Structure formats: structure tokens, C-alpha cells
Amino acid sequence: MKKRARAVSDESPIRAIACLKKIDDIKRFEETDDCFILGFDPTESTPNKDDNVSSKPLNKDADDDICVLAEKGKIALRDYPHSRHLCLKFPFKTTPSESYCEKCYCYVCDSAAPCMYWTVSRHCAAENSGHWKDKRKVRKTTY
């Protein structure tokens, strides 16, 4: 029985994500890592002197699992052109489908929202599934 040759790189694509406990570690990790979790609120002025971790919980709302304090860089589905059904500014399932931001475009027409069929043919409700995929294909082949 022949053994298969191993891949050139045995490195896992999965990376560890560090959870920082001290405010002093932020600068060091910002230089080397794209993503890390803070185990404290960096805007909190009085951390515990023992572990340099804030005494207040990060999550003000008990139902939240994660609290985003800051972000760095561009967010694709907010800062770049995106199909209306993927919009972060106006979530598709929780806002009226007629809503759109300045970066939204029509999934069917591939033009800036609102297209001329936005409310008439309900292109505002188009998403990457079912009959909308078919309408998109037809539209691409006719133009």
C-alpha cells in the first residue's frame, strides 16, 4: 500500500485567537494579529489592580454573548457595494425590504439601488435563492 504524499504545508488554516487580560498587551497584539478578544473594557478607567481587568462586565445587556467595543478597517457588507439582501446597515430580515443604503445594489439587475423595478417587481426583496436566481440569470443573458 502506497502512502499519499503530505501537503507542502502541514500548517492548519485554523488560528488561535488570544484573549487579552491586560491593557498593556493590546499594542503588542495589534502589531502582529488581526483578531483578538479583550477580556476587559479598554475604555473603563479603573481596572482591578490584581489582574488589570475591569470589574464591570463587558456586556451591559444580559442577553448579549459578545459586545463589540471597536473595529478597525473596512467591513465588506457595510463599506463596499453589496446586494440589498446582504446589507448590514438595513438587515434584510428585520427592516423593510424597500430600505437600502448608499452601497446597496439590486441582486437581479446588478445596478445601484433602487433599480427601476425596486418596488414594481419587488426587486427589493430579491435574494440569492429560488426564483430570484433564475430572474438574475435571465436578466444577465438578455443584456
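**Entry 1. Ser 83**

I began with the contacts of Ser 83: leaving aside neighbours within four places in sequence, I found this residue in contact with Tyr 105 and Tyr 107. The model I am reading is a predicted one. I placed Ser 83 in strand S3. Is Ser 83 buried or exposed? I noted a relative accessibility of 3%, so Ser 83 counts as buried. I then looked for a polar partner and recorded a contact of 2.9 Å between the side chains of Ser 83 and His 85.

**Entry 2. Tyr 107 and Arg 136**

From Tyr 107 I turned to its ring. I found Arg 136 over the face of Tyr 107, at 4.6 Å from the ring centre. Arg 136 also has an acidic partner: its side chain meets that of Asp 110 in a salt bridge, with an N to O distance of 3.2 Å. I located Arg 136 in helix H3, residues 130-142, and Asp 110 in the loop between S4 and H3, so this pair ties together parts that are 26 residues apart in sequence.

I compared the two partners by accessibility. Arg 136 has a value of 18% and counts as buried, because the limit for buried is under 20%. Asp 110, with a relative accessible area of 36%, is partly exposed. Which residues are linked with Asp 110 in a network of salt bridges? I listed Arg 136 and Lys 140.

**Entry 3. Backbone of the loop between S4 and H3**

I stayed with Asp 110 and checked its backbone. Its phi is positive, about 60°, although Asp 110 is not a glycine. I found a positive phi of about 60° at Arg 122 too, again a residue that is not a glycine. Arg 122 has its place in the loop between S4 and H3, and its relative accessible area of 33% makes it partly exposed.

Where does a cis peptide bond occur? I found one joining Ala 113 and Pro 114, with omega at about 0°. Pro 114 lies in the loop between S4 and H3. I therefore entered the cis bond to Pro 114 under the loop that also holds Asp 110, with the limits of that loop set by S4 and H3.

**Entry 4. Other salt bridges**

How many salt bridges does the structure hold? I counted six. Side chains of opposite charge can pair when their charged atoms come close.

I looked up the pair of Lys 89 and Glu 102, whose side chains meet in a salt bridge at 3.5 Å, N to O. Lys 89 lies in the loop between strand S3 (82-83) and strand S4 (104-105), and Glu 102 lies in the loop between S3 and S4, so the pair ties together parts that are 13 residues apart in sequence. I noted Lys 89 as partly exposed, with a relative accessible area of 48%. Glu 102 is exposed, at 63%, because exposed is set at over 50%.

I also examined Arg 78 and Asp 79, whose side chains meet in a salt bridge with an N to O distance of 3.0 Å. Arg 78 counts as partly exposed at 32% relative accessibility. Asp 79 is likewise partly exposed, with a relative accessible area of 21%.

**Entry 5. The aromatic pair**

I searched for aromatic pairs and found one in the structure. Tyr 100 and Trp 118 form this pair, edge-to-face, with 5.8 Å centre to centre and 80° between the planes. The pair links distant parts of the chain, Tyr 100 being in the loop between S3 and S4 and Trp 118 in the loop between S4 and H3, 18 residues apart. I recorded Tyr 100 as partly exposed, with a relative accessible area of 35%, whereas Trp 118 is buried, at 3%.

**Entry 6. Trp 118 and the cores**

What does Trp 118 touch, not counting residues up to four places away in sequence? I listed its neighbours, among them Arg 84, Glu 98, Tyr 100, Cys 106, Ala 113 and His 123. I then looked up the largest nonpolar core, which has 13 residues. Cys 106, Val 108 and Trp 118 are the members with the most contacts inside this core. I closed with a second, separate core of five residues, which includes Leu 20, Ile 26, Phe 29 and Phe 40.

Terms used:
Residues are numbered from 1 along each chain as its sequence is written. This is a predicted model: local features need pLDDT of at least 70, side-chain atom pairs count only at pLDDT 80 or more; totals for chains, interfaces and linings use all residues. Side-chain values use heavy atoms; hydrogens and water are left out. A salt bridge is a side-chain nitrogen of Lys or Arg within 4 Å of a carboxyl oxygen of Asp or Glu. Buried means under 20% relative accessible area, exposed over 50%, partly exposed in between (1.4 Å probe, protein chains only). Helices (H or I, at least four residues) and strands (E, at least two) are DSSP runs, numbered from the N terminus. A polar contact is a pair of N or O atoms within 3.5 Å; within protein, one must be able to donate a hydrogen and the other to accept it, and residues adjacent in sequence count only if both atoms are side-chain atoms. Contact means heavy atoms within 4.5 Å. Rings of Phe, Tyr and Trp (its six-membered ring) pair if their centres lie within 6.5 Å; planes under 30 degrees apart count as stacked, over 60 as edge-to-face and the rest as tilted. A charge sits over a ring if NZ of Lys or CZ of Arg is within 6 Å of the ring centre and within 35 degrees of the ring normal. A nonpolar core is a set of buried Ala, Val, Leu, Ile, Met, Phe, Trp, Tyr and Cys residues joined through side-chain atoms within 4.5 Å.
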